[in-house]
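Below are some notes for a colleague who has the coordinates open. They take up the overall make-up first, then the helices, and then two features of the surface.

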Amino acid sequence: MKKLVLMAVAIVAVSFASCGNKAADAAKATADSIRIADSIAAVEAAALEAEKAAADTTATDSVAVEVTETVAE
């Protein structure tokens, strides 16, 4: 009986030891999620700026073509 109780105590101790670090892991996971979200937001902002710059260039090119065609006529 003593061995059975000792085995049960050992199993409980191992269970507590393996699950005891959940709070630190949760804080690390939250920090990683925030860092990843910030990175995604930065990439999306850069893509939007690049899209705006491309649209401005296209608009400028279109105006230049229209002016050139008007002058040529």
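1. A point on the pair Asp32 and Arg35 comes before the rest: these two residues lie 3 residues apart in helix H2 (residues 22–72), which means that about one helical turn separates them. An α-helix has 3.6 residues a turn, so residues three or four places apart point the same way. In this predicted model, Asp32 does form a salt bridge with Arg35, with the closest N and O atoms 3.8 Å apart.

2. How many salt bridges does a search of the whole structure find? The search finds 1 salt bridge, and its acidic partner, Asp32, is partly exposed, with a relative accessible area of 30%.

3. As to the overall make-up, the protein has 2 helices and 0 strands, and buried residues account for 0% of its 73 residues. The accessible surface comes to about 6400 Å², and carbon and sulfur atoms contribute 69% of that area.

4. Helix H1 fits the length expected of it: at 1.5 Å a residue its 18 residues should span 26 Å, and the end C-alpha atoms are indeed 26 Å apart. H1 is also hardly covered, since the count of buried residues among its 18 residues is 0.

5. Met1, Leu4, Val5 and Val9 together make a nonpolar surface patch of about 460 Å². Of these residues, Met1 is found in the segment before helix H1 (2–19), and with a relative accessibility of 78% Met1 counts as exposed, the cut-off for that class being over 50%.

Terms used
Residues are numbered from 1 along each chain as its sequence is written. This is a predicted model: local features need pLDDT of at least 70, side-chain atom pairs count only at pLDDT 80 or more; totals for chains, interfaces and linings use all residues. Side-chain values use heavy atoms; hydrogens and water are left out. Helices (H or I, at least four residues) and strands (E, at least two) are DSSP runs, numbered from the N terminus. Buried means under 20% relative accessible area, exposed over 50%, partly exposed in between (1.4 Å probe, protein chains only). Accessible areas come from the Shrake-Rupley method with a 1.4 Å probe; for residues, only the protein chains shown count as cover. A salt bridge is a side-chain nitrogen of Lys or Arg within 4 Å of a carboxyl oxygen of Asp or Glu. Patches are made of residues with over 30% relative accessible area and no salt bridge: like charges are joined within 9 Å, nonpolar side chains (Val, Leu, Ile, Met, Phe, Trp, Tyr) within 5 Å. The expected span of a helix is 1.5 Å times one less than its number of residues.
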